[in-house]
Amino acid sequence: MADLFEIGKSGVQAYRRALGVTGQNIANANTEGYNRRDAQLTEVSATQGDILSVSDQAGLGVRIENIRRAFDSLVVTKANKANSSFENARAANEKLSALERLVLPGDYSVSTYLQNFFDGLNAVHQSPTDLGARQLVIEYGQLLADGISNLAISLQDLKYDLRSEAEVVALSANGIVDGILEIQKKLISSGSSGAASNALLDQRDQLINDLSGLIGVSVDYQDRGAVQISLGQNFGKEDLINLFSTQQIVVDETSASLQFSLVKGSQSQSTSQVTNGYLSGLINASSAIDETLENLSFLASAMVSDFNSLHSNGVTLDGNIGGIMFE
C-alpha cells in the first residue's frame, strides 16, 4: 500500500512547481513573444511486483509530466497574416504619402506652373503685340520645363531611396531566416518535441512573426520543433527554410522595376511570391512611382509635340516663321 505521506509529498512538490509556472506566466505577462505555460499533471501509478501479486490501484501520487506552451498554430498563422497585411499597408502608405507631397498642387508644383503658362498664353492672345506678355510666357514656359524636369528627378530619387530601403529590408529578412535556422538546429538536436525548449520555441515564433512583417510567408509546423517556411501563400513552392536548407531574398538588379530574386549558393531565380509584408508595400509604392513617371513623360512629350507644332506654324512679329518652343 502506498505511503500516505509520500503521496502527500508528491502532491505538494507537483503543485509547488505548478505554482512556479503560474508565477512565471505572471512575470512575463508583458514579455514580447512569450507564450503562457501550462503544467501538465499526471498520476504516478503503482507497478505490479510479480505475477502473483495484485497491483495497488490506489497509485503513488502525482507528478508534473510536462510544461506545455499555450500554442495554437491556426491562431498564430492568422496573426502572422494580419501582421503581414498591416506592414504591407504601412509601407505603401508611407511611400505614397511622400509621392503625394511631390505631385499635389502647391506654390511650386507642375500644376501651378502649367496654370501660369496658360494664363500667360491667354494674355498674349488678348494682346498679341504686347512684348511684356510675350516675355512673360517665355519665362512661364521655362519655369514649367524646369518644374517638370525637377519633378522627374525628385521621383527618380524617391524611387532610388525606396529601392535602397528594399535592399536593407531584404538583408534584415535574411538575417531573421538565419536566426530561425540556428534555433531549428538546437530544437531538432534536443530530441523529441516534448523535450524541446519552450524558450527556444518562443524565440522561433517571435522571429517568424518578425519575418512575416517584412515579407509574407507560409509556415508548416513539424515534429521536433522544426518548421518549413515558404515565400508567399503558395506553400512549398519557394522555400526560405526547409529543414537545414535556406534561400536568401535579394533585390533583382536586372529589373528596372522593384522585383526580387531568391538566391541559393550561386543560383538565382526571380520570384513573384512577394505578395505581402513590408517588401510588398514597397513594390506597390514603386509601381505607383513608375506610373507617375510614365504619366509625367507623356505630359512632357505631348506638350513638346503640340506646342512646337503650333508655334512652328505661326509667325513672329517680324513676319518670320516661328520656331520650336520646347525641347
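These exercises work through the sheets, core and largest pocket of a predicted model.

**Exercise 1. Describe the sheet built from S3, S4, S5 and S6: what is the strand order, and which strands lie at the edges?**

Step 1. Start with the order. The sheet is open, and its 4 strands run S3-S4-S5-S6. The pairing is antiparallel.

Step 2. Find the edges. Strand S3 (217–221) and strand S6 (245–246) each pair on one side only.

Step 3. Look at one pair. Strand S4 (residues 227–231) and strand S5 (residues 239–242) are joined antiparallel over 3 bridges. Here Gln228 stands opposite Asn242 in S5.

Step 4. Add the helices. H4 packs on this sheet and touches S4, S5 and S6. Its direction makes about 15° with that of S5. Helix H5 (residues 198–214) also packs on the sheet, touching S3, S4 and S5. The direction of H5 makes about 160° with that of S3.

**Exercise 2. Explain why one side of S7 and of S9 is left without a neighbour in the sheet.**

Step 1. Set out the sheet. It is open, with 3 strands in the order S7-S8-S9 and antiparallel pairing.

Step 2. Count partners. Strand S7 (248–251) and strand S9 (267–271) are at the edges with a single partner strand each, so one side of each has no neighbour in the sheet.

Step 3. Note the twist. From one strand to the next it averages 35°.

Step 4. Check a pair. Strand S8 (residues 260–264) is joined to S9 by 5 bridges. Ser261 stands opposite Ser270 in S9.

Step 5. Place H4. It packs on this sheet too, touching S7 and S8. Its direction makes about 175° with that of S7.

**Exercise 3. Which helix gives the most residues to the largest nonpolar core?**

Step 1. Take the core. It holds 50 residues. Those touching the most other members are Leu211, Ile215, Ile229, Ile249, Phe260 and Leu279.

Step 2. Name the helix. Helix H4 (residues 131–189) gives the most, with 15 residues.

Step 3. Zoom in on one member. Beyond four places away in sequence, the contacts of Ile229 include Ile180, Leu211, Val219 and Leu240.

**Exercise 4. What lines the largest pocket?**

Step 1. Give its volume: about 670 Å³.

Step 2. Look at the lining. It has 23 residues, and Leu121, Arg134, Val137, His311 and Met325 lie nearest the centre.

Step 3. Assign elements. Helix H3 (110–126), H4 and helix H6 (278–312) each give two or more residues. H4 gives the most, with 8 residues.

Note on methods:
Residues are numbered from 1 along each chain as its sequence is written. This is a predicted model: local features need pLDDT of at least 70, side-chain atom pairs count only at pLDDT 80 or more; totals for chains, interfaces and linings use all residues. Side-chain values use heavy atoms; hydrogens and water are left out. A nonpolar core is a set of buried Ala, Val, Leu, Ile, Met, Phe, Trp, Tyr and Cys residues joined through side-chain atoms within 4.5 Å. Buried means under 20% relative accessible area, exposed over 50%, partly exposed in between (1.4 Å probe, protein chains only). Contact means heavy atoms within 4.5 Å. Two strands pair if DSSP finds at least two bridges between them. Axes are lines fitted to C-alpha atoms, for helices over the stretch in contact, and angles run from 0 to 180 degrees between N-to-C directions. On a 1 Å grid over the protein atoms alone, a cavity is a set of points where a 1.4 Å probe fits but cannot get out, and a pocket is an open set with protein on both sides within 12 Å along at least five of seven lines; lining residues have an atom within 4 Å of a point. Grid points are joined across faces, edges and corners, and a volume is the space filled by probe spheres set on the points.
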